[in-house]
Amino acid sequence: MGWGTNYSWTSKAGKENGVKSYASTVLGWHWGWKTDKAATELPVRVGDRKPVKTSWEFSVCSDPGTMNVAYDLWLHAKNNADWQDQPTDEIMVWLNRQGGAGPLGTQYGSVSLDGAMWDIYQGDIGWKAYSFVRRTNTTKDSLDLDDFTQALVRRKLLGDDKYLSGIESGSEVFRGSGRLDTKAYSVDIG
């Protein structure tokens, strides 16, 4: 699957560090959407340790402003979350960041997963928000997203009774102009 997005965002005083957009693909739950388990294979109970294999190859323009390219995982306490149900946890996996973009919260630690080092950040925005920020940028990666949920379970930050309900993939833009192009993308659950 391939797709792309152009963006151009200027910042107003006091709002320089806010995310202006997150053009993304969505698999499973999202506000306004009801998950069809037969079509998406989501939700998946974290404690079931089902592989969630993904690969993503993309390009970012040479001067993309302040932005990141990341997965955004949504978790709920129940296996039948509907469109209006607020998540209990959010996990972002940052593959690439530009222009000084930084995650929400404070650094909790670091971990080696899927052949790379990741710094873990922890915050709260009405639900627990965790970010795994790759120490070296990449534009091509193959991951098992279950490795990231399990890293939080091992640290007792996430219960294995939670359900991974939705997977997004896209670019959070803070400011600037640029383009993200996805050349290849896949998610395989189970």
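**Group meeting: strands, a pocket and some salt bridges**

Okay, let's start with a pair of side chains: Asp 89 and Lys 162 meet in a salt bridge, at 2.6 Å from N to O. This pair ties together distant parts of the chain, since Asp 89 sits in strand β6 and Lys 162 in the loop between α2 and β11, 73 residues apart. One thing to keep in mind as we go: this is a predicted model.

So, are these two partners buried or exposed? Asp 89 is buried, with a relative accessible area of 2%. Lys 162 comes out at 17%, and because the cut-off for buried is under 20%, Lys 162 counts as buried too.

How many salt bridges turn up in the whole structure? The search finds 8, and I'll show you two others. Arg 49 and Asp 146 meet through their side chains at 3.4 Å, N to O. Here again the pair links distant parts of the chain: Arg 49 is in the loop between β3 and β4, Asp 146 is in helix α2, and 97 residues separate them. Their surroundings are worth a look: Arg 49 is exposed, with a relative accessible area of 52%, whereas Asp 146 is buried, at 6%.

Then there's Asp 181 with Arg 179, whose side chains meet at 2.8 Å, N to O. Asp 181 is partly exposed, with a relative accessible area of 26%, and Arg 179 counts as partly exposed as well, at 30%.

Now back to strand β6, which covers residues 89-98. β6 runs parallel to β9, and 6 bridges join the two. If you want one spot to find on the screen, look at Glu 90: its bridge partner in β9 is Ala 129.

β9 also pairs with β8 (residues 116-124), this time in the antiparallel sense, over 7 bridges. Here you can look for Tyr 121, which stands opposite Ser 131 in β9. β8 and β9 form a hairpin with 3 residues between them, and Gly 126 in that turn has a positive phi of about 100°.

Why do we say that β9 is largely enclosed by the rest of the structure? Because 6 of its 7 residues, in the run 128-134, are buried.

Next, the pocket. The largest pocket has a volume of about 180 Å³. Its lining has 15 residues, and the closest to the centre are Glu 90, Met 92, Leu 104, Ile 125 and Glu 172. Which elements give two or more residues to that lining? They are β6, β9 and β11. By type, the lining divides into 9 nonpolar, 4 polar and 2 charged residues.

Last topic: backbone oddities. Most residues other than glycine have a negative phi, and most peptide bonds are trans. With that in mind, look at Arg 49 again, which has a positive phi of about 55° although it is not a glycine. Lys 156 also has a positive phi, about 60°, and is not a glycine either. You'll find Lys 156 in the loop between α2 and β11, where it is exposed, with a relative accessible area of 75%.

And where is the cis peptide bond? It joins Leu 42 and Pro 43, with omega about 10°. Pro 43 lies in the loop between α1 and β3.

That's my tour, thanks for listening!

Notes: Residues are numbered from 1 along each chain as its sequence is written. This is a predicted model: local features need pLDDT of at least 70, side-chain atom pairs count only at pLDDT 80 or more; totals for chains, interfaces and linings use all residues. Side-chain values use heavy atoms; hydrogens and water are left out. Buried means under 20% relative accessible area, exposed over 50%, partly exposed in between (1.4 Å probe, protein chains only). Helices (H or I, at least four residues) and strands (E, at least two) are DSSP runs, numbered from the N terminus. Two strands pair if DSSP finds at least two bridges between them. On a 1 Å grid over the protein atoms alone, a cavity is a set of points where a 1.4 Å probe fits but cannot get out, and a pocket is an open set with protein on both sides within 12 Å along at least five of seven lines; lining residues have an atom within 4 Å of a point. Grid points are joined across faces, edges and corners, and a volume is the space filled by probe spheres set on the points. Ala, Val, Leu, Ile, Met, Phe, Trp, Tyr, Cys and Pro count as nonpolar, Asp, Glu, Lys and Arg as charged, and the others, Gly among them, as polar. A salt bridge is a side-chain nitrogen of Lys or Arg within 4 Å of a carboxyl oxygen of Asp or Glu.
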